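Reader: I've never looked at this model before, and I'd like to learn how to read it. Can you walk me through a few features?

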Amino acid sequence: GAESLGIRVYNNAYTLLYKGEAAGPWGLGWNQVQFQGLPEANGIFFYVLAAKRGGQSVKAPPQRLMLLR
């Protein structure tokens, strides 16, 4: 399994909105809150997942995420 997991969430201008990391194979989540503590608006976002194993990092291609409340 992975030694650590990471997620980065970006808006449609590829501005970083959220960065999360966890050691081990545990899940990560985004609480739809900006770094400033404000709730994020509805829209299309992009996320990138990364995992480390044996000292090597593997990143998945960016994926789209639609946020609707």
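Reader: Let's start with the largest pocket. By class, what does its lining have?

Author: Keep in mind that this is a predicted model. The lining of the largest pocket has six nonpolar, four polar and four charged residues. In total 14 residues line this pocket, and those nearest its centre are Gly6, Arg8, Glu21, Ala50 and Lys59. The space inside comes to about 290 Å³.

Reader: Which elements give two or more residues to that lining?

Author: Those are E1, E2, E3 and strand E4 (56-59). E1 has the largest share, with six residues.

Reader: How many helices and strands are there in the chain?

Author: Zero helices and five strands. Going along the sequence, you read the pattern as β-β-β-β-β. The C-alpha trace spans about 40 × 20 × 20 Å along its principal axes.

Reader: Now the inside. Which residues make up the largest nonpolar core?

Author: The general idea is that nonpolar side chains tend to be buried together in soluble globular proteins. Here, the largest nonpolar core has seven residues: Ile7, Val9, Leu17, Tyr18, Trp30, Phe45 and Leu67. Strand E1 (4-10) and E2 each bring at least two residues to this core. As for the whole chain, 22% of its 69 residues count as buried.

Reader: Let's pick one of the core residues. What does Trp30 touch?

Author: Leaving out residues up to four places away in sequence, Trp30 touches Val9, Tyr18, Glu40, Phe45, Leu65 and Leu67. For the chain, residues 24 or more positions apart account for 37% of the contacts with a separation of 6 or more.

Reader: I'd like to try the aromatic rings too. How many aromatic pairs are there?

Author: For any pair of aromatic rings, you look at the distance of the centres and the angle of the planes. The rule asks for ring centres within 6.5 Å, and by it the count comes to three aromatic pairs. Take Tyr10 and Tyr14: their rings sit 5.9 Å centre to centre with 50° between the planes, so the pair is tilted, as the angle is neither under 30 degrees nor over 60.

Reader: Are Tyr10 and Tyr14 buried or exposed?

Author: Tyr10 has a relative accessible area of 17%, so Tyr10 is buried. Tyr14 counts as partly exposed because its relative accessibility is 46%.

Reader: And what kind of aromatic pair do Trp30 and Phe45 form?

Author: An edge-to-face one, with 5.3 Å centre to centre and 70° between the planes. Trp30 sits in the loop between strand E2 (16-23) and strand E3 (43-53), while Phe45 is in strand E3, so this pair ties together parts that are 15 residues apart in sequence. Trp30 is buried at 12% relative accessibility, and Phe45 is buried with a relative accessible area of 4%.

Reader: Which residues do ring pairs link into a cluster?

Author: Tyr10, Tyr14 and Phe46.

Reader: One last stop: where does Asn42 lie?

Author: Asn42 is in the loop between E2 and E3. With a relative accessible area of 46%, Asn42 is partly exposed. Apart from residues up to four places away in sequence, Asn42 touches Leu67, Leu68 and Arg69. You can also check a distance: the C-alpha atoms of Asn42 and Leu17 are separated by 13 Å, and these residues are 25 residues apart along the chain.

Terms used. Residues numbered from 1 in each chain as written. Predicted model: local features only at pLDDT ≥ 70, side-chain atom pairs only at ≥ 80, totals over all residues. Heavy atoms only, no water. Phe/Tyr/Trp six-rings, centres within 6.5 Å; stacked < 30°, edge-to-face > 60°. Buried < 20%, exposed > 50% of the residue type's maximum accessible area, 1.4 Å probe, protein only. Helix = DSSP H or I, 4+ residues; strand = E, 2+ residues; numbered from the N terminus. Core = buried A, V, L, I, M, F, W, Y, C linked by side-chain atoms within 4.5 Å. Contact = heavy atoms within 4.5 Å. 1 Å grid on protein atoms, 1.4 Å probe; cavity = no way out; pocket = protein on both sides within 12 Å on 5 of 7 lines; lining within 4 Å. Points joined across faces, edges and corners; volume = space filled by probe spheres on them. Nonpolar A, V, L, I, M, F, W, Y, C, P; charged D, E, K, R; others polar.
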